[in-house]
Amino acid sequence: MAVPKHKTSKQRTHTRGAQWKLSAPALAECPHCHQLVQMHRACPSCGYYDGVEKIKMNQGND
């Protein structure tokens with residue numbers, strides 16, 4: 001079994017851990033309602049994706 005020959009320093013450990021970072025999600029404008037929407041997702045405000053209504057949204061006409 002492999003065993004390290006030397007102690008890993010704190011600097012090296014922290015440098016390795018510093019590479020884990022988040023990136024902001026890519027947003028695009030919905031062509032139907034002009035809200036910002038995540039790419040390749042149906043619009044949560046109008047329910048349209050690729051020009052077709054994929055999700056029936058309740059407009060308060062109950």
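**Cysteines, loop histidines and the largest pocket**

The structure, a predicted model, holds 0 disulfides. Cys43 is in no disulfide. Its nearest cysteine sulfur belongs to Cys33 and lies 3.6 Å away. A disulfide requires two cysteine sulfur atoms within 2.5 Å, so the 3.6 Å between the sulfurs of Cys43 and Cys33 does not qualify. Cys46 is likewise in no disulfide. For Cys46, the nearest cysteine sulfur is that of Cys43, at 3.6 Å. Both residues are withdrawn from the surface by the accessibility criterion: Cys43 is buried, at 1% relative accessible area, and Cys46 is buried, at 10%.

Two histidines have positive phi values. Phi of His34 is near 65°. This residue, which is not glycine, sits in the loop between β1 and β2. His34 is exposed, with 52% relative accessibility. Phi of His40 is near 60°, again positive in a residue other than glycine. His40 belongs to the loop between β2 and β3. His40 is also exposed, at 66% relative accessibility.

The largest pocket encloses about 230 Å³ of space. Its lining comprises 15 residues. Closest to the pocket centre are Cys30, Pro31, Arg41, Tyr49 and Asp50. Three strands contribute to the lining: β1 (27–29), β2 (36–38) and β3 (48–49) each supply at least two residues. By class, the lining of this pocket has 8 nonpolar residues, 4 polar residues and 3 charged residues.

Definitions and conventions. Residues are numbered from 1 along each chain as its sequence is written. This is a predicted model: local features need pLDDT of at least 70, side-chain atom pairs count only at pLDDT 80 or more; totals for chains, interfaces and linings use all residues. Side-chain values use heavy atoms; hydrogens and water are left out. On a 1 Å grid over the protein atoms alone, a cavity is a set of points where a 1.4 Å probe fits but cannot get out, and a pocket is an open set with protein on both sides within 12 Å along at least five of seven lines; lining residues have an atom within 4 Å of a point. Grid points are joined across faces, edges and corners, and a volume is the space filled by probe spheres set on the points. Helices (H or I, at least four residues) and strands (E, at least two) are DSSP runs, numbered from the N terminus. Ala, Val, Leu, Ile, Met, Phe, Trp, Tyr, Cys and Pro count as nonpolar, Asp, Glu, Lys and Arg as charged, and the others, Gly among them, as polar. Buried means under 20% relative accessible area, exposed over 50%, partly exposed in between (1.4 Å probe, protein chains only).
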